[in-house]
Amino acid sequence: MRILYFAWVRERIGTSSEEFEGGAGTVSEVIDRLVERSPAHELALSDRSVLRCALDQKLVELDAPITGAAELAIFPPMTGG
């Protein structure tokens with residue numbers, strides 16, 4: 001699965017995307033595994049209350065199953081104007 005990062009999440013991790021393989025069944029479990037990759041990942045992803053996620057461009061909750069998804073996007077809350 002391709003992981004995409006946006007806005008300050010991307011800036012803190014230092015990359016806009018990376019690959020993730022196996023070992024997770026939900027979005028939250030993917031984030032658990034990503035946090036282990038580096039201190040930058042831990043900093044960017046530790047407060048899940050400020051993260052929004054989308055599977056294959058559809059907004060989802062953290063407990064959403066990732067089965068069959070090709071892409072997970074992680075970003076801060078969006079504001080409009």
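Three salt bridges turn up in this predicted model, a salt bridge being a side-chain nitrogen of Lys or Arg within 4 Å of a carboxyl oxygen of Asp or Glu. Local features were taken at pLDDT of at least 70 and side-chain atom pairs at pLDDT 80 or more, while totals for chains, interfaces and linings use all residues of the predicted model. Residues are numbered from 1 along each chain as its sequence is written, and side-chain values rest on heavy atoms, with hydrogens and water left out.

Glu-19 pairs with Arg-2, with the closest N and O atoms 2.6 Å apart. This pair links distant parts of the chain, with Glu-19 in strand 2 (residues 17-19) and Arg-2 in strand 1, 17 residues apart. Helices (H or I, at least four residues) and strands (E, at least two) are DSSP runs numbered from the N terminus. Both partners sit in the middle class of exposure: Glu-19 is partly exposed at 43% relative accessible area, and Arg-2 is partly exposed at 35%. On this scale, buried means under 20% relative accessible area, exposed means over 50%, and partly exposed lies in between (1.4 Å probe, protein chains only).

Glu-18 and Arg-37 form a salt bridge too, at 2.5 Å from N to O. Glu-18 belongs to strand 2 and Arg-37 to the loop between helix 2 and helix 3, so this pair ties together parts that are 19 residues apart in sequence. Here Glu-18 is buried, at 16% relative accessible area, whereas Arg-37 is partly exposed at 38%.

Arg-48 and Asp-32 also meet in a salt bridge, at 2.5 Å from N to O. Arg-48 lies in the loop between helix 3 and strand 3 and Asp-32 in helix 2, so that distant parts of the chain, 16 residues apart, are linked. Arg-48 is partly exposed at 21%, and Asp-32 is partly exposed at 37%.

As for the interior, the largest nonpolar core has 21 residues, and Ile-3, Leu-45, Leu-72 and Ile-74 have the most contacts inside it. Such a core is a set of buried Ala, Val, Leu, Ile, Met, Phe, Trp, Tyr and Cys residues joined through side-chain atoms within 4.5 Å. At least two core residues come from each of strand 1 (2-5), helix 1 (7-13), helix 2 (27-35), helix 3 (39-45), strand 3 (52-55) and strand 5 (71-75). Helix 2 is the biggest contributor, with four residues. Beyond its neighbours within four places in sequence, Ile-74 is in contact (heavy atoms within 4.5 Å) with residues including Ile-3, Val-9, Ile-31, Leu-34, Leu-45 and Cys-53.

Strand 5 is largely enclosed by the rest of the structure, because four of its five residues are buried. Strand 5 pairs with strand 1 in the parallel sense over four bridges, and with strand 3 in the antiparallel sense over four bridges; pairing requires that DSSP find at least two bridges between two strands. Ile-74 in strand 5 is the bridge partner of Tyr-5, while Leu-72 in strand 5 stands opposite Leu-55.

There is also one aromatic pair. The ring centres of Phe-6 and Phe-75 are 6.4 Å apart and the planes stand at 75°, so the pair is edge-to-face. Rings of Phe, Tyr and Trp (its six-membered ring) pair if their centres lie within 6.5 Å, with planes under 30 degrees apart counted as stacked, over 60 as edge-to-face and the rest as tilted. Phe-6 is partly exposed at 38%, but Phe-75 is buried at 10%.
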